[in-house]
Amino acid sequence: MRCVRLTRFVAACLALNGMVGFAMGQTPGQEQHVASVPAPYGECALGYWSSNRNLDDVKDVANSFCILNWKPKLSTGASLGFNARLDWQYQPSSVNTRHRMREAYLDVEEGAFSMRLGRQILAWGRADRINPTDSLSPRDFTLLVTEDEDQRTGMDAARFRYALDPALFFTVVAARFEPNITPQGSLPANRVNAAAPDQTEWAFKLDHSGSGIDWSLSYFEGYERQGRYRFDSRPTHAPVFRSDFEKMQTFGADFAGTAGAWTWRGEVSHSTTRAVCDLCPLDARKVSRAVVGVDRDFLDTMNVNLQLFTTTRTGYRDPGSLPAAMQPILSGLNRLNSEYGAQETGLTVRLSDRLLNEKLKWEISAVFDLTGRSRVIRPRVTYAMSDHIKLNAGIDFFSGDAQSYFGALDKNTLGFVVLSLVF
């Protein structure tokens with residue numbers, strides 16, 4: 001069905017070519033200067049992974065993928081954008097194929113105004129990889145990818161942008177909700193998952209960049225991308241863990257600047273969520289998140305990045321506050337919702353370097369959950385064998401108590417080697 005919609009979308013975009021030209025002041029008989037159509041580009045890869053990312057104890061996985069990008073111009077100021085991904089995964093018990101159109105949009109720009117219509121990736125935030133203001137972008141956390149940014153799946157949206165001046169922009173986004181795709185292997189059998197709401201989400205952003213301190217203010221109104229679980233023990237049926245998508249409003253801000261050789265950046269957000277299911281609690285939950293960090297280059301090729309982050313939430317219940325018989329249920333519920341305290345703090349560290357005329361790149365990053373005493377450590381190495389062939393290798397090592405953020409993910413500890421052809 002999505003492929004049919006995509007075909008219709010592309011046909012409509014091509015039909016709009018003349019309309020776009022007319023909107024830009026071109027008459028039907030007037031020739032347009034259009035740049036030569038660019039060739040598609042992308043990457044195909046084949047790799048070995050010691051396990052998958054579904055938290056299900058499956059080992060020894062062969063995975064291959066192809067990513068194809070194409071950005072042809074329709075006319076001056078109008079273009080199309082496409083990004084498609086195909087994954088093939090072999091594991092001892094099954095062979096899985098997944099294909100996804102991550103982006104398929106029409107871009108139009110005229111003076112201070114621009115718009116992008118269609119499927120697109122919307123990534124907000126200036127902090128390093130931890131982005132409290134990034135409310136729009138759905139992710140697939142089960143994908144076998146070497147970089148977290150490749151987890152983004154895209155969404156159907158309309159984005160309108162207006163330049164108030166050369167450094168200040170106002171953006172409006174209307175998007176169709178899409179949830180995250182999360183690991184299923186460790187979820188209990190007695191659960192009921194709600195269907196994703198077929199609703200429109202809205203986001204607004206005032207963004208300053210290009211001179212002095214970069215900053216933005218944002219507002220989002222939509223749904224949480226993770227379903228939130230509750231324990232349903234009504235006598236009319238067997239006890240189950242039931243998930244629903246909660247409505248969410250988020251106010252956010254981010255900033256980045258430089259001070260000598262140092263770059264500093266950060267983000268803050270405050271969210272209010274409300275359950276919309278039958279028999280759900282009526283009280284709104286409030287969650288505040290913040291991250292602040294610095295980084296700098298050393299010796300021309302080395303970079304060091306440090307960040308502190310914190311989360312404060314209402315509505316958290318400590319299992320120790322309940323009778324012993326109820327504590328396992330609440331502990332399981334907290335694991336399902338990835339909540340391990342009313343306040344959680346942590347630290348990220350990333351060290352990277354580029355050697356051999358940038359043919360060899362290595363990085364080691366770590367996230368330390370200081371509240372739950374858990375951690376993930378992720379070394380990475382990339383070697384460019386030529387302009388078109390590269391080799392990636394790395395490890396994801398999760399550790400900590402079972403009742404902690406990274407300890408609950410320890411089954412996703414893995415190593416990988418991936419050979420890629422870039423074209």
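In what order do the three strands of the open sheet run, and what is the pairing? Here are some close-ups of the predicted model to go with that.

**View 1. The open sheet made by three strands.** The strand order is 9-13-12, and the pairing is mixed. Out at the edges sit strand 9 (191-193) and strand 12 (228-232), each of them paired on one side only. Going from one strand to the next, the twist averages 25°.

**View 2. Strand 9 alongside strand 13.** Zooming in on this pair, strand 13 covers residues 240-244 and lines up with strand 9 in the parallel sense, over three bridges. Look for asparagine 193, which has serine 243 of strand 13 standing opposite.

**View 3. Helix 2 packed on the sheet.** Helix 2 spans residues 327-336 and touches both strand 12 and strand 13. Compare directions here: that of helix 2 makes about 160° with that of strand 12.

**View 4. Glycine 394 and its contacts.** Now over to strand 21 (residues 389-399), where glycine 394 lies. Is glycine 394 buried or exposed? Glycine 394 counts as buried because its relative accessibility is 9%, and the cut-off for buried is under 20%. Skipping neighbours within four places in sequence, glycine 394 is in contact with Pro379 and Arg380, and also with Leu414, Gly415 and Phe416.

**View 5. Glycine 394 and threonine 272 in one frame.** These two residues are 122 residues apart along the chain. Their C-alpha atoms are separated by 38 Å.

Conventions: Residues are numbered from 1 along each chain as its sequence is written. This is a predicted model: local features need pLDDT of at least 70, side-chain atom pairs count only at pLDDT 80 or more; totals for chains, interfaces and linings use all residues. Side-chain values use heavy atoms; hydrogens and water are left out. Helices (H or I, at least four residues) and strands (E, at least two) are DSSP runs, numbered from the N terminus. Buried means under 20% relative accessible area, exposed over 50%, partly exposed in between (1.4 Å probe, protein chains only). Contact means heavy atoms within 4.5 Å. Two strands pair if DSSP finds at least two bridges between them. Axes are lines fitted to C-alpha atoms, for helices over the stretch in contact, and angles run from 0 to 180 degrees between N-to-C directions.
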